[in-house]
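Me: I should like to learn how to read a ligand site and the space around it. Could we work through one example together?

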Amino acid sequence: MKTNDLIFDRSFVNGKWTNQGDETFEVTNPANGNSIQTVLDGGIQITEMAINAADRAFKSWRKTTAKYRGDILEKWNYLILKHAKELAEIMTLECGKPFSESKGEVAYGASYIKWFAEEGKRTYGDVIPPHSEDKRLVVIKQPVGVVAAITPWNFPLAMITRKVAPALAAGCTVVIRPTYESPLTALAIVYLSQIAGFPPGVINVIVGKDSAAMGKLLCESQKVKKISFTGSTRIGHILMAQSASTLKKLSLELGGNAPFIVFEDADIDKAVKGAIVSKFRNAGQTCVCVNRILVHEKVYDEFSVKLTKAVASLKVGDGMLANVNIGPMINIDAIEKTKEFVSDAISKGAKILTGGKPINQYFFEPTVIGNATREMSFSDDEIFGPLAPLYKFTSDEEAIKIANDTIYGLASYFYSENVSRCWRVAEALEYGMVGINEGLVSTEVAPFGGVKFSGHGREGSKYGIEDYLEIKYMCFGNII
Ligand code: SIN
């Protein structure tokens with residue numbers, strides 16, 4: 001199969017590519033602004049059609065066995081891995097990340113399918129010792145129903161599979177709403193899901209530009225029983241408010257403001273490597289990217305020199321070119337926001353150690369900023385770009401206080417060679433995930449998610465399927 005054979009231009013509902021929609025929009029390559037594909041905008045009608053198809057399909061899908069569903073998920077995983085190269089190419093074209101990162105995301109995204117194909121067979125209930133002699137108490141778990149997965153542009157494959165795989169494994173049906181910037185990867189994997197054998201209506205994908213209207217309908221529909229969303233905290237608030245009328249279950253994976261603490265006993269070379277991986281993945285455009293690097297005053301100079309050298313050697317360019325480490329920013333607004341962070345920091349006394357400006361309207365130089373302080377706007381805001389600000393601290397208490405001084409609580413990282421400090425700090429950080437001497441924590445076998453304004457719910461691991469299950473208690477009486 002060639003890459004072009006996996007490019008589709010419209011929504012997929014009830015097992016068919018639909019003709020629904022009067023308007024089209026362009027999916028463009030963020031590395032040069034060129035159109036990759038004209039896509040049919042399914043509008044609000046396609047949302048309704050997809051909800052109805054998923055609702056109908058749920059009636060039979062929920063009755064299938066976990067083994068049956070697991071077998072189809074396994075085939076889907078196999079097909080995604082078989083077409084990893086083509087999918088990675090589509091991904092780089094529409095979201096800009098370097099091809100090697102896209103290949104990594106295909107494997108990462110597929111791993112959730114494989115994991116939940118197995119995990120679906122382990123959604124055990126309980127037998128509870130009864131409170132009286134003539135009763136028997138049993139707990140079973142059942143699928144919640146139709147699930148809407150609303151997903152972002154920065155991980156166009158993995159953010160879908162880590163919602164949809166547990167939902168399908170649990171016996172739910174799904175409506176996927178990928179963002180209009182990067183719908184092509186979603187359409188390609190949904191095509192592969194049909195070859196894998198999912199019945200019509202079990203997986204639907206809707207594309208359109210009116211995110212607000214489509215999201216509102218998904219939230220307010222009585223037929224949709226759960227929304228799983230990855231994106232900004234601002235949109236998370238809106239979806240939660242809109243879901244109130246239907247008391248819908250929600251999983252929200254929202255923004256972050258990750259601290260990366262380098263203690264005085266850290267292995268500095270390892271810390272520099274960890275900071276690069278964590279800060280510059282996808283040009284800094286992930287929710288778990290480091291936002292603030294806090295360095296103990298005793299090792300500040302050594303760390304900043306080594307980090308600056310490593311960052312200055314990163315190669316920026318079109319993600320399809322060989323050896324590129326940093327691709328484009330998603331759009332001109334992202335470039336402008338990054339520029340504003342830099343000028344605000346300079347006006348408040350920061351020093352640019354490397355980078356500091358856009359290369360053109362698509363790319364921004366990987367940047368290290370020294371002398372960062374609490375007053376600079378990126379201290380409170382998610383950077384979502386290739387800026388690494390360095391802050392100085394003098395004690396563990398101060399580092400923990402600065403690290404926790406944010407509304408967010410997704411990922412955090414720190415480096416220390418002292419075991420008791422590692423435990424103390426890890427327990428004190430108010431975050432859903434902590435990397436200890438590690439800059440990359442994401443994996444399908446562990447729970448991904450945040451606290452505070454970073455949302456709630458967990459994705460991946462044995463915990464990740466629970467959000468798609470209802471608990472039912474059955475009380476058998478009069479057993480004599
Ligand atoms: C995200 O940025 O939302 C996801 C990052 C990851 O899964 O590692």
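**Reading the ligand site**

Reply: In this predicted model, a polar side-chain atom of Arg162 is placed 2.9 Å from an oxygen atom of the ligand. The side chain of Arg281 likewise has an N or O atom 2.9 Å from a ligand oxygen, and for a polar side-chain atom of Ser442 the distance to a ligand oxygen is 2.5 Å. Of the 260 Å² of accessible area that the ligand has on its own, the protein covers 100%.

Me: How many residues surround the ligand, and which are the closest?

Reply: The ligand is surrounded by 13 residues, and the closest are Tyr108, Arg162, Arg281, Cys287 and Ser442. Sorted by class, this shell comprises six nonpolar, four polar and three charged residues. Domain 1 (3–254 + 454–474) and domain 2 (258–443) each supply at least three residues of the shell.

Me: How does one find enclosed space, and in which cavity does the ligand sit?

Reply: A probe the size of a water molecule, rolled over the atoms, reveals where empty space remains. Here, four cavities of 30 Å³ or more are found, and the ligand sits in the largest cavity. The volume of the largest cavity is about 90 Å³.

Me: Which residues lie nearest the centre of the largest cavity?

Reply: They are Phe155, Met159, Arg162, Cys287 and Phe448, out of 13 lining residues. The lining has six nonpolar, four polar and three charged residues.

Me: Where does the largest cavity lie with respect to the domains?

Reply: The largest cavity lies between domain 1 (3–254 + 454–474) and domain 2 (258–443), because both give residues to its lining.

Definitions and conventions:
Residues are numbered from 1 along each chain as its sequence is written. This is a predicted model: local features need pLDDT of at least 70, side-chain atom pairs count only at pLDDT 80 or more; totals for chains, interfaces and linings use all residues. Side-chain values use heavy atoms; hydrogens and water are left out. A residue is near a molecule or strand if one of its heavy atoms lies within 4 Å of it. A polar contact is a pair of N or O atoms within 3.5 Å; within protein, one must be able to donate a hydrogen and the other to accept it, and residues adjacent in sequence count only if both atoms are side-chain atoms. Accessible areas come from the Shrake-Rupley method with a 1.4 Å probe; for residues, only the protein chains shown count as cover. On a 1 Å grid over the protein atoms alone, a cavity is a set of points where a 1.4 Å probe fits but cannot get out, and a pocket is an open set with protein on both sides within 12 Å along at least five of seven lines; lining residues have an atom within 4 Å of a point. A molecule sits in a cavity or pocket if more than half of its atoms lie within 2 Å of its grid points. Ala, Val, Leu, Ile, Met, Phe, Trp, Tyr, Cys and Pro count as nonpolar, Asp, Glu, Lys and Arg as charged, and the others, Gly among them, as polar. Domain bounds come from an automatic or database domain assignment. Grid points are joined across faces, edges and corners, and a volume is the space filled by probe spheres set on the points.
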